[in-house]
Structure formats: C-alpha cells, structure tokens
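Q: Please take a close look at the aromatic pairs and then place them in their surroundings. How many aromatic pairs does the structure hold?

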Amino acid sequence: MNNLVLSFTPKFTKLLTLVLRQENPQLEDTAVETIAKFCHDLQDLDLSKSFKVGDRSLYALAHGYRNLTKLNISGCTSFSDEGVEYLTKFCRKLKILNLCGCVKAATDCALQNGRQTLHALKMKTALTPSAVQALCDTFPALHTCSGRHSLVISGCLNLTSVHCACAVQSHRTLNNILHTAH
C-alpha cells in the first residue's frame, strides 16, 4: 500500500477524495507526506486503521490541506497529543472529524489546546466531555445532532453530554419559549 501511494500520488494532483482505509495497516508517514506534497485540493481523506501513521502525517496534513473538510483518522493510535493539537490548529475548515478509537492519542489537552496556540503539554487524560465540547465550540460546523453527524463519537459512552451548536441553540430557544409562556 505504501509503495502504491508513493507511486500514484504525483500523477493525481487534483484528487478531492482519497480513501486509504486498511485492514492490514501498511501505510506509513512517508506516504501521507507525499500526498500532502502533491494533492493540495484534497477535501476528504480517510486514513482509518492506519496504525503506522504518526505525528509526521498529522503535521503534513496540517500544512498541506488547509481546505480539508473531512478527515477520518479512526483507529489511528500512533500519534500524540501534540500531533492532534497541531492538526486542529491549522485545519480550520474541518466539518467532519472521525476520532473513534483514538482515545489514547486524542486527549483533552490536544483538543482544548488546538483552540489556542501550541503549548508543551503537561498532562494526558482520556477524552472527556469538556474537551470534546471545546472542539465543537471551536469548529461550529461539526455536528453531533441527529441527522447531521459530522463529529463521529460513537462508542464513546462518556461523551453523551457533548452537543454541537445546533443542539445548544435548540435548547436555548426551548428555554426562552418556556420562560415567555410563564
């Protein structure tokens, strides 16, 4: 897979969507760096289950794809907080982000610090609702509401209290109606 990507990428520079989901992970950072170097128009990238992909890939994505709107890195566990933080800092047009199975790599610190400038990270924890809520607040185009799921957090049972801007606005509107009715 890695050699195939390295050979075809320079020939397909106008790709908009690229799915590299793998059952037997072979994709490495060098392939993702090559994609970032040649395919600047890419908007939708699926690297799910790419266990060998690490921080170098996330740094390359952050610099090569400022217009990236959909990224699936579910099941990718070789990157660190710093890589996720860097990615969220530069890929500001993300509308769909799949982090399923990234619990050890995408922690509170990475998601919350992605909203600010890059800082030396001090603590690592599992994802909490406040960190993912901070991500939703930073990227209003990410949705957790029914029918518009663009932030996929399925299987993350501790994140049931996370709501996108739509859900928060609906809740506020309902509260206003109830207060006005009294």
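A: The structure holds three aromatic pairs, where a pair means rings of Phe, Tyr or Trp (its six-membered ring) with centres within 6.5 Å, called stacked for planes under 30 degrees apart, edge-to-face for over 60 and tilted for the rest. The model is predicted, so local features require a pLDDT of at least 70 and side-chain atom pairs count only at pLDDT 80 or more, whereas totals for chains, interfaces and linings use all residues. Residues are numbered from 1 along each chain as its sequence is written, and side-chain values rest on heavy atoms, with hydrogens and water left out.

One of the pairs joins Phe-8 and Phe-12; because the ring centres are 5.9 Å apart and the planes stand at 65°, the arrangement is edge-to-face. Phe-12 has 46% relative accessibility and therefore counts as partly exposed, the class between buried (under 20% relative accessible area) and exposed (over 50%), with a 1.4 Å probe and protein chains only.

Tyr-59 and Tyr-86 make another edge-to-face pair, with 4.9 Å from centre to centre and 85° between the planes. This pair links distant parts of the chain, as Tyr-59 belongs to helix 3 (residues 55-64) and Tyr-86, 27 residues away, to helix 4 (residues 81-90). Helices (H or I, at least four residues) and strands (E, at least two) are DSSP runs numbered from the N terminus. The two tyrosines differ in accessibility class: Tyr-59 is partly exposed at 31%, while Tyr-86 is buried at 16%. Together with Phe-90, Tyr-59 and Tyr-86 form one aromatic cluster.

Helix 3 and helix 4 also take part in the nonpolar interior. The largest nonpolar core has 33 residues, and Leu-45, Leu-61, Tyr-65 and Leu-71 have the most contacts inside it; such a core is a set of buried Ala, Val, Leu, Ile, Met, Phe, Trp, Tyr and Cys residues joined through side-chain atoms within 4.5 Å. At least two residues of this core come from each of helix 1 (2-8), helix 2 (29-38), helix 3 and helix 4. The greatest contribution, four residues, is made by helix 2. In soluble globular proteins, nonpolar side chains tend to be buried together.

Tyr-65 illustrates how this core is joined to other segments. Beyond neighbours within four places in sequence, Tyr-65 is in contact (heavy atoms within 4.5 Å) with Ile-35, Ala-36, Cys-39, His-40, Leu-42, Leu-45 and Cys-91.

Ala-31 also lies in helix 2 and is buried, with a relative accessible area of 0%. Its contacts, again leaving aside neighbours within four places, are Asn-2, Val-5 and Leu-6. The C-alpha atoms of Ala-31 and Leu-6 are separated by 5.5 Å, although the two residues stand 25 apart along the chain.

Leu-45 reappears in the surroundings of Asn-72, a residue of strand 3 (residues 70-72). Asn-72 is buried at a relative accessible area of 13%. Apart from neighbours within four places in sequence, Asn-72 contacts Arg-21, Leu-45, Asp-46, Leu-47, Ser-48 and Asn-98. Arg-21 is likewise touched by Lys-49, along with Gln-22, Glu-23, Pro-25, Ser-74, Gly-75 and Cys-76, not counting residues up to four places away. Lys-49 sits in the loop between strand 2 (44-46) and helix 3, and its 26% relative accessibility makes it partly exposed. From Lys-49 to Gly-101, 52 residues away along the chain, the C-alpha separation is 9.1 Å.

Further along the chain, helix 6 (residues 129-138) is largely enclosed by the rest of the structure, because seven of its 10 residues are buried. These buried residues are Ala-131, Val-132, Gln-133, Ala-134, Leu-135, Cys-136 and Thr-138.

For the protein as a whole, there are seven helices and five strands, arranged from the N terminus as α-β-α-β-α-β-α-β-α-α-β-α. Of its 182 residues, 47% count as buried. Among contacts between residues at least 6 apart in sequence, 72% join residues at least 24 apart.

The average pLDDT (the predictor's confidence in each residue, from 0 to 100) is 75, and 65% of the residues score at least 70. Over residues 115-119 the pLDDT falls below 50, and this stretch has 10 contacts in the model beyond near neighbours in sequence. Residues 121-125 also have a pLDDT below 50, with 10 contacts beyond near neighbours in sequence. Where pLDDT is low, the predicted coordinates should not be read in detail.
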